[in-house]
Amino acid sequence: MNGSRFFVIALVGGLMASQASAQDIYKSGGGSVFAGLNYTFVGLDVGSADADVGTLSGKAGAMLTPFIGFEARAGFGVDDDRVGLFDYSLDNFYGAYGTFQMANESPLTPYAAIGFTRVEIEADGPLGTSTEDESDVSYGVGLNVDFASYLSGNLEYMRYYDDNDVTVDGLGLGFQFSF
């Protein structure tokens with residue numbers, strides 16, 4: 001009788017531990033629903049000009065499975081750059097992305113993202129202002145670092161836009177809360 005009771009307790013405990021472990025794997029790099037903020041150092045290559053600007057963005061998303069997620073981002077420029085006679089800025093951007101992460105038990109979770117981004121780039125010079133408002137396929141890679149079960153930080157590289165002699169690349173640092 002004591003042997004069977006021990007077996008049942010061990011079996012139930014093992015099932016609960018494996019369920020908790022599976023839940024931890026699912027939450028690696030964030031929970032099933034998340035929101036966060038990023039500061040991104042953006043490189044604007046416009047023709048022969050190479051400007052370095054900064055953006056602040058928010059994101060919200062959900063993990064559909066332990067490996068596949070979806071997120072939306074929107075941001076605006078907070079730091080412009082002067083190159084020659086022109087002031088360059090990334091006025092705003094927004095996009096939607098699918099994310100693919102390597103779920104694991106480690107606090108480090110690598111991921112890749114692909115989607116579409118709409119950017120609005122502005123060049124202000126002595127003869128007036130020129131604005132480019134376009135969309136393109138975006139892609140990148142990153143790394144989430146868990147600080148707590150509900151809080152993680154991230155570092156990522158994204159190519160937001162590359163078309164018509166204009167390239168927008170970003171190196172972002174941020175954090176996200178999981179719900």
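A polar contact is a pair of N or O atoms within 3.5 Å; within protein, one must be able to donate a hydrogen and the other to accept it. The exercises below use that rule on a predicted model.

**Exercise 1. Place serine 106 and find its partner.**

Task: Where is serine 106 found, and which backbone nitrogen lies 3.0 Å from a polar atom of its side chain?

Solution:
- Start with the location. Serine 106 is in the loop between β5 and β6.
- Check the surface. Its relative accessible area is 31%. Buried means under 20% and exposed over 50%. Serine 106 is therefore partly exposed.
- Look for the nitrogen. The backbone nitrogen of leucine 108 lies 3.0 Å from a polar atom of the serine 106 side chain.
- Look further along the chain. Aspartate 146 is 40 residues from serine 106 in sequence, yet the C-alpha atoms are 8.5 Å apart.
- Place that aspartate. Its bridge partner in β8 is serine 152.

**Exercise 2. Trace the strand pairing from β3 to β8.**

Task: Which strands pair with β5, and how many bridges join β5 to β6?

Solution:
- Take β3, residues 68–79. It pairs with β5 in the antiparallel sense over nine bridges. Glycine 69 faces threonine 99 of β5 there.
- Take β4, residues 81–83. It pairs antiparallel with β5 over three bridges. Aspartate 81 stands opposite tyrosine 88.
- Inspect the β4–β5 turn. Two residues separate the strands of this hairpin, and glycine 84 in the turn has a positive phi of about 65°.
- Move to β6. It runs antiparallel to β5, and 14 bridges join them. Serine 89 stands opposite glutamate 122 in β6. The hairpin has six residues between its strands.
- Continue to β7, residues 128–148. It pairs antiparallel with β6 over 18 bridges. Isoleucine 121 stands opposite glutamate 132 in β7. Two residues lie between β6 and β7 in their hairpin.
- Finish with β8. Nine bridges join it to β7, again antiparallel. This hairpin, too, has two residues between its strands.

**Exercise 3. Find the hubs of the core.**

Task: Which residues touch the most other members of the largest nonpolar core?

Solution:
- Name the hubs. The core has 18 residues, and Leu44, Leu90, Ile121 and Val168 touch the most other members.
- Ask which strands contribute. β1, β2, β5, β6, β8 and β9 each supply at least two residues of this core.
- Zoom in on leucine 90. Leaving out residues up to four places away in sequence, its contacts include Leu44, Ile121 and Val168. Phe76 and Val119 are also among the residues it touches.

**Exercise 4. Classify the aromatic pairs.**

Task: How many aromatic pairs are there, and are phenylalanine 93 and tyrosine 160 buried or exposed?

Solution:
- Count. There are four aromatic pairs.
- Test tyrosine 39 with phenylalanine 41. The ring centres are 5.0 Å apart and the planes meet at 75°, so the pair is edge-to-face. Planes over 60 degrees apart earn that label.
- Check accessibility. Tyrosine 39, at 27%, is partly exposed. So is phenylalanine 41, at 47%.
- Test phenylalanine 93 with tyrosine 160. The centres are 5.4 Å apart and the planes at 50°, so this pair is tilted.
- Locate that pair. Phenylalanine 93 sits in β5 and tyrosine 160 in β8, 67 residues apart.
- Check accessibility again. Phenylalanine 93 is buried at 3%. Tyrosine 160 is buried at 4%.
- Add one charge. The charged end of arginine 73 sits over the ring of tyrosine 97, 5.1 Å from its centre.

Definitions and conventions:
Residues numbered from 1 in each chain as written. Predicted model: local features only at pLDDT ≥ 70, side-chain atom pairs only at ≥ 80, totals over all residues. Heavy atoms only, no water. Core = buried A, V, L, I, M, F, W, Y, C linked by side-chain atoms within 4.5 Å. Buried < 20%, exposed > 50% of the residue type's maximum accessible area, 1.4 Å probe, protein only. Helix = DSSP H or I, 4+ residues; strand = E, 2+ residues; numbered from the N terminus. Contact = heavy atoms within 4.5 Å. Pairing = 2+ DSSP bridges. Phe/Tyr/Trp six-rings, centres within 6.5 Å; stacked < 30°, edge-to-face > 60°. Lys NZ or Arg CZ within 6 Å of the ring centre and 35° of its normal.
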